[in-house]
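Subject: A structure for you to look through

Hi there,

Here is the structure I promised you, with some notes to read beside it. Please open it in your viewer and follow along at your own pace.

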Amino acid sequence: MSRNYKFRNAEGLYFVSFSSVFWIDVFVRLEYFDCIVKNLNFCVSNKGMEIYAWCIMTSHVHLVFRSNIQKPEELIRDFKSYTAKELINLIGQNNQESRREWLLSAFKKAAKANSNNTDNQFGSSTTSQSNCGARRLLSKKLIIYMTTRL
């Protein structure tokens, strides 16, 4: 398992960010955005994910969460893996997607550069994460993050 998925405190509250390969603007279409939301809701309902804040940008996702059933690294790994496969299928089946061939080609190119994947790689192999600690620290991080993005 990648070192990028190791969380020190299994009960901790974490801020994570993950992006599409090459920072491709994938989440500009509602069906791809909805796929992320649907899978986050599944994790909340079935895998013990507690979401405190989330933001889906055009090429990446920010998430503040806690896991109360699975280890956080397993939860994020499963979410990213399942969601990536589903998004690639949605893109491949979407006849209205004008960038379909280009997107699928980019995912194949990224997979060739990564020995962990054979066919496609949707997301960047790195996941940015930090422990949010106390609620006060979480509030501070969210305020700083939001004010720097406006």
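Let me start with a group of rings: Phe7, Tyr14 and Phe65 form one aromatic cluster. Please keep in mind throughout that this is a predicted model.

**Aromatic rings**

How many aromatic pairs does the count come to? The count comes to six aromatic pairs. One of them joins phenylalanine 7 and tyrosine 14, which meet edge-to-face, with 4.5 Å from centre to centre and 75° between the planes. Phenylalanine 7 has a relative accessible area of 8%, so this residue is buried. Tyrosine 14 is buried too, because its relative accessible area is 3%.

Another pair is made by phenylalanine 27 and phenylalanine 122: the ring centres are 6.1 Å apart and the planes are at 55°, so this pair is tilted. This pair links distant parts of the chain, with its two residues 95 residues apart. Phenylalanine 27 is in the loop between β1 (14-19) and α1 (30-46), while phenylalanine 122 is in the loop between α3 (100-112) and β4 (128-131). Both phenylalanine 27 and phenylalanine 122 are buried.

If you wonder about the two numbers given for each pair, a pair of aromatic rings is described by the distance of the centres and the angle of the planes.

**The loop between β1 and α1**

Stay in this loop for a moment. Phenylalanine 22 is found there, and its phi is near 55°, a positive value in a residue other than glycine. Tryptophan 23 lies in the loop between β1 and α1 as well, and although tryptophan 23 is not a glycine, it has a positive phi of about 55°. For background, most residues other than glycine have a negative phi.

Is tryptophan 23 buried or exposed? Tryptophan 23 has a relative accessible area of 54%, so it counts as exposed. Phenylalanine 22 also has a charge for company: the charged end of lysine 109 sits over its ring, 5.7 Å from the centre.

**The chain as a whole**

Now zoom out. The chain has four helices and four strands, and from the N terminus on, its elements run β-α-β-β-α-α-β-α. Of the 150 residues, 42% count as buried. Take the contacts between residues at least 6 apart in sequence: 66% of them join residues at least 24 apart.

**Two helices that pack**

Next, look at helix α2 (residues 72-93) and α3. They pack at an angle of about 150°, and their axes are 9 Å apart. The crossing of α2 and α3 is left-handed. Which residues meet here? On the α2 side they are Ile88, Ile91, Gly92 and Gln93, and on the α3 side they are Arg100, Leu103, Leu104 and Phe107.

**Three residues to click on**

Serine 19 has its place in strand β1. With a relative accessible area of 10%, serine 19 is buried. Leaving out residues up to four places away in sequence, serine 19 touches Ser59, His60, Phe122, Gly123 and Ser124. You have met Phe122 already, as a partner of phenylalanine 27 in the tilted pair.

Valine 44 has its place in helix α1. It is partly exposed, with a relative accessible area of 38%. Not counting residues up to four places away in sequence, valine 44 touches Met49 and Ile51. From valine 44 to serine 67 there are 23 residues in sequence and 9.0 Å in space, C-alpha to C-alpha.

Tyrosine 52 is found in strand β2 (residues 49-56). Tyrosine 52 is partly exposed, with a relative accessible area of 32%. Tyrosine 52 and arginine 66 are 14 residues apart along the chain, and their C-alpha atoms are separated by 8.0 Å.

**Cysteines**

How many disulfides does a search of the whole structure find? The search finds zero disulfides. Cysteine 35 has a relative accessible area of 3%, so it is buried. Cysteine 43 also counts as buried, because its relative accessibility is 3%.

That is the tour. Enjoy turning the model around, and send me your questions!

Best wishes

How values were computed
Residues are numbered from 1 along each chain as its sequence is written. This is a predicted model: local features need pLDDT of at least 70, side-chain atom pairs count only at pLDDT 80 or more; totals for chains, interfaces and linings use all residues. Side-chain values use heavy atoms; hydrogens and water are left out. A disulfide is a pair of cysteine sulfur atoms within 2.5 Å. Buried means under 20% relative accessible area, exposed over 50%, partly exposed in between (1.4 Å probe, protein chains only). Rings of Phe, Tyr and Trp (its six-membered ring) pair if their centres lie within 6.5 Å; planes under 30 degrees apart count as stacked, over 60 as edge-to-face and the rest as tilted. A charge sits over a ring if NZ of Lys or CZ of Arg is within 6 Å of the ring centre and within 35 degrees of the ring normal. Axes are lines fitted to C-alpha atoms, for helices over the stretch in contact, and angles run from 0 to 180 degrees between N-to-C directions. A crossing is left-handed if the near helix is turned anticlockwise from the far one by less than a right angle, and right-handed if clockwise. Contact means heavy atoms within 4.5 Å.
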